[in-house]
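Reader: I would like to go through this model with you and test the labels one by one. Where does the reasoning start?

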Amino acid sequence: MDIALIDTRLSLPREGLIALRQARGARILCLAGCLWITQEGNLKDEVLRPGESLTVQRDGLTLITALTPSSVRLSDRSGKQCPSAWPAWLGAMSGRLRRWFGGMGTRNPRPC
């Protein structure tokens with residue numbers, strides 16, 4: 001499923017989750033709050049604060065988790081809105097993913 005976002009600014013509650021698939025080249029910009037980014041196949045997680053951004057380096061699953069209530073903007077390589085965001089996963093999958101990952105990767109390199 002591809003979802004075209006008209007307004008790429010998304011608000012997330014604490015522990016809110018966005019899952020991106022096949023999003024290599026997408027840009028994630030933290031507008032407010034604190035975001036934890038983990039990319040499938042990458043051992044290093046990233047933490048973004050307001051004004052900081054990250055470009056997704058890999059295809060596969062990329063998870064954006066809000067460590068505090070946050071606002072994020074997603075765009076593709078050209079700066080257009082990112083069609084590969086799956087905000088519908090927020091409710092159904094967030095609990096499952098937390099249980100699945102358990103304590104894996106819970107290190108926070110720069111606490112918010």
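**From one strand residue to two sheets**

Author: Start with Gln-39, which lies in strand 4 (residues 35-39). Keep in mind that the model is predicted.

Reader: Why is Gln-39 called buried?

Author: Its relative accessibility is 7%. Buried means under 20%. So Gln-39 counts as buried.

Reader: What makes the approach of Gln-39 to Arg-58 a polar contact?

Author: The side chain of Gln-39 reaches the backbone nitrogen of Arg-58 at 3.4 Å. The cut-off for such a pair of N or O atoms is within 3.5 Å.

Reader: Which residues does Gln-39 touch, leaving out those up to four places away in sequence?

Author: Leu-54, Val-56, Gln-57, Arg-58, Leu-61 and Thr-62. One of these, Leu-61, belongs to strand 7.

Reader: What makes strand 7 largely enclosed?

Author: Strand 7 spans residues 61-66, and 6 of the 6 are buried, so the rest of the structure largely encloses it. Leu-61, Leu-63 and Thr-65 point one way. Thr-62, Ile-64 and Ala-66 point the other way. All are buried. In a regular strand, side chains alternate between the two faces of the sheet.

Reader: How do you know that strand 7 pairs with strand 2 and with strand 4?

Author: Pairing needs at least two bridges. Strand 2 (residues 17-21) is joined to strand 7 by 5 bridges. Strand 4 and strand 7 also pair over 5 bridges. Strand 2 runs antiparallel to strand 7, and strand 4 pairs with it in the antiparallel sense.

Reader: Which residues stand opposite each other there?

Author: On the strand 2 side, Arg-21 stands opposite Leu-61, and Ala-19 has Leu-63 as its bridge partner. On the strand 4 side, Trp-36 faces Thr-65.

Reader: What makes strand 2 and strand 5 edge strands?

Author: The open sheet has 4 strands in the order 2-7-4-5, with antiparallel pairing. Strand 2 and strand 5 (46-48) each have a single partner strand, so one side of each is left without a neighbour in the sheet. The twist from one strand to the next averages 20°.

Reader: What is the strand order in the other open sheet?

Author: The order is 1-8-3-6, again with 4 strands and antiparallel pairing. Strand 1 (9-12) and strand 6 (53-55) stand at the edges, because each has a single partner strand. Neighbouring strands here are turned by 25° against each other on average, direction ignored.

Reader: How do you know that strand 3 and strand 8 pair?

Author: Count the bridges. Strand 3 (residues 27-32) and strand 8 (residues 70-75) run antiparallel and are joined by 5. At least two are required. Leu-29 stands opposite Arg-73 in this pair.

Reader: Why is there no disulfide between Cys-30 and Cys-34?

Author: The sulfur of Cys-34 is the closest cysteine sulfur to that of Cys-30, but at 6.7 Å it is too far for a bond. The limit is within 2.5 Å. A search of the whole structure finds 0 disulfides. Cys-30 is buried, at 1% relative accessibility.

Reader: What is the overall make-up of the protein chain?

Author: It has 1 helix and 8 strands. From the N terminus on, the elements run β-β-β-β-β-β-β-β-α. Of the 112 residues, 40% are buried. The accessible surface is about 6,400 Å², and 54% of that belongs to carbon and sulfur atoms.

Reader: How much of the contact pattern links residues 24 or more positions apart?

Author: Such residues account for 75% of the contacts with a separation of 6 or more.

Notes: Residues are numbered from 1 along each chain as its sequence is written. This is a predicted model: local features need pLDDT of at least 70, side-chain atom pairs count only at pLDDT 80 or more; totals for chains, interfaces and linings use all residues. Side-chain values use heavy atoms; hydrogens and water are left out. Helices (H or I, at least four residues) and strands (E, at least two) are DSSP runs, numbered from the N terminus. Buried means under 20% relative accessible area, exposed over 50%, partly exposed in between (1.4 Å probe, protein chains only). A polar contact is a pair of N or O atoms within 3.5 Å; within protein, one must be able to donate a hydrogen and the other to accept it, and residues adjacent in sequence count only if both atoms are side-chain atoms. Contact means heavy atoms within 4.5 Å. Accessible areas come from the Shrake-Rupley method with a 1.4 Å probe; for residues, only the protein chains shown count as cover. Axes are lines fitted to C-alpha atoms, for helices over the stretch in contact, and angles run from 0 to 180 degrees between N-to-C directions.
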